[in-house]
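Colleague: Please take one part of this model and look at it closely with me, beginning with the helices and moving outwards from there. I am still learning to read structures, so a slow, connected account would help me most.

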Amino acid sequence: MQNDIPNFNLLAVFAAVIEQGSLSKAAEQLNTNQSTVSTAMARLSKQLGQELYLRKGRGIEPTSYAKNLYRQVQDPINQLNQVFQSLGSFDPATAKRQFVITAPEHLQWVLMDQFAKTTPENITLEVFDQPSDESKMYDDLMSQKVDLLIDILPSKQASIRSTKLLGNSFVVVCSQDHPRIQGKLTAELFMQEKHALLERKRNSLYSLTHYTSIDLSKRNVAYHGRTLFSNLMLCSQTDCLSVVPLSLALQFKDRLQLQVFTPPFEHTTMSTYLIWPKRLDNDPAHAWLRDTIFTISKKIQVYLDKYKLEHE
């Protein structure tokens, strides 16, 4: 290794490559091209006198030396990035900016609605539905295709921050004209009636399975929907039941003429998390976006808590 300490830019590229596991994804994150990233990695490797990675399929596998180096430089690089970011400024009254986020269905409409009502017209929000592939969701976050994401499960990655946004209960919905359910839902009726099931899994389990210990396999499933919205629509037009987050049910119960019931079984609260790369902690625009979403979420939480108190 030469005596010169590698410059910050080379180490920043190195950190991005290790975090992304790919030269091309690191290039996207850094807003440059793969050739520039490859050249920077070659320069750093030459300066250090060490191989930094091996090719593995479409990605890379860091060497033992690179993994050890990353552990030592990760925090200093993040700290320097935050210093540079904090020197910038963001004035929502004058800035023209479109933020991009990924959010679960039960918060999409209310976030878009409240964001538009409470922020300047020059600041807009674009919301993407969550991809079925969780790895793509985090790839988009780390490459800054999205500014942040909202999810029901926190991230376990060291370079990503997850903070609880709000707590949500589950409810059972059915049509106001349901022939056998009017004003009350028993556990027996719940198991006997036809169900619209959300055909989406997280950690190899259907979403509701994470929050209750009852045997959901005994339900009489009539419809396997890919979205909660499609399940709500089906319930409004048929005799099916569906279990959905309270926040979603309250947004559409009047429009779709739905009955809303507390589930006749024990379940835990579903937490929702705000998730973003740690390197953006001190970015003024990103901090403003996070604060805005936290403020909106507090209003949503107050509304949900009030409804629960009134209907317990």
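Modeller: The span to expect of a helix is 1.5 Å multiplied by one less than its number of residues. Please keep in mind throughout that this model is predicted. Its protein chain has an average pLDDT of 88, and 94% of the residues reach a score of at least 70.

With that rule we can turn to helix H5, which covers residues 105–118: its 14 residues should span 20 Å, and because the C-alpha atoms at its ends are 21 Å apart, the expected and computed values agree. Which residues of H5 are buried? They are Glu105, His106, Leu107, Gln108, Val110, Leu111 and Phe115. The last of these names, Phe115, leads us beyond the helix, since ring pairs join Phe115 with Phe90, Phe99 and Trp288 in a cluster.

The rule can be tried again on helix H1, residues 8–20, whose 13 residues should span 18 Å; the end C-alpha atoms are 18 Å apart, so here too there is agreement. H1 is mostly covered, with 10 of its 13 residues buried, and among the buried ones are Leu10, Leu11, Phe14, Val17 and Ile18. Directly after H1 comes Gly21, which takes a positive phi of about 70°.

The cluster around Phe115 invites a look at the other aromatic rings, where the count of ring pairs comes to seven. In one of these pairs, Phe190 and Phe265, the ring centres are 5.2 Å apart and the planes stand at 50°, so the pair is described as tilted. Phe190 belongs to helix H7 (residues 187–192), whereas Phe265 sits in the loop between S13 and strand S14 (270–277), so this pair ties together parts that lie 75 residues apart in sequence. Phe190 and Phe265 are both buried. For Phe229 and Phe252 the ring centres are 5.7 Å apart and the planes are at 85°, which means that the pair is edge-to-face. Since Phe229 lies in helix H8 (residues 228–237) and Phe252 in helix H9 (residues 246–252), the pair ties together parts that are 23 residues apart in sequence. Are these two rings' residues buried or exposed? Phe229 is partly exposed, because its relative accessible area is 28%, while Phe252, at 15% relative accessibility, counts as buried.

Another helix residue worth following is Tyr138, which has its place in helix H6 (residues 134–142). Because its relative accessibility is 7%, Tyr138 counts as buried. Once neighbours within four places in sequence are set aside, Tyr138 is in contact with several residues, including Leu149, Leu153, Ile160 and Ile275. The C-alpha atom of Tyr138 is 9.5 Å from that of Leu148, a residue 10 places away along the chain.

Past H6, in the loop that runs from H6 to strand S5 (148–151), we find Gln144. Its phi is positive, about 65°, although Gln144 is not a glycine. Most residues other than glycine have a negative phi. Gln144 counts as partly exposed, because its relative accessibility is 39%. A similar look at the loop between H9 and S13 brings us to Gln257, whose phi is also positive, near 55°. With a relative accessible area of 47%, Gln257 is partly exposed.

From the helices we can step across to strand S12 (residues 242–245), where Val244 is found. At 0% relative accessibility, Val244 counts as buried. If residues up to four places away in sequence are not counted, Val244 touches Ser169, Phe170, Val171, Val173, Leu228, Leu232 and Ala249. Val17, which is buried in H1, gives a sense of distance here: the C-alpha atoms of Val244 and Val17 are separated by 39 Å, with their positions 227 residues apart along the chain.

To place these pieces in the whole, the chain is divided into domain 1 (8–86), domain 2 (97–167 + 270–310) and domain 3 (170–261). The C-alpha centres of domain 1 and domain 3 are 47 Å apart. Some care is needed when reading the elements, since strand S10 (residues 205–206) has the lowest mean pLDDT among them, 54, and strand S13 (residues 258–261) the highest, 96.

Key: Residues are numbered from 1 along each chain as its sequence is written. This is a predicted model: local features need pLDDT of at least 70, side-chain atom pairs count only at pLDDT 80 or more; totals for chains, interfaces and linings use all residues. Side-chain values use heavy atoms; hydrogens and water are left out. Domain bounds come from an automatic or database domain assignment. Helices (H or I, at least four residues) and strands (E, at least two) are DSSP runs, numbered from the N terminus. Buried means under 20% relative accessible area, exposed over 50%, partly exposed in between (1.4 Å probe, protein chains only). pLDDT is the predictor's confidence in each residue, from 0 to 100. Contact means heavy atoms within 4.5 Å. Rings of Phe, Tyr and Trp (its six-membered ring) pair if their centres lie within 6.5 Å; planes under 30 degrees apart count as stacked, over 60 as edge-to-face and the rest as tilted.
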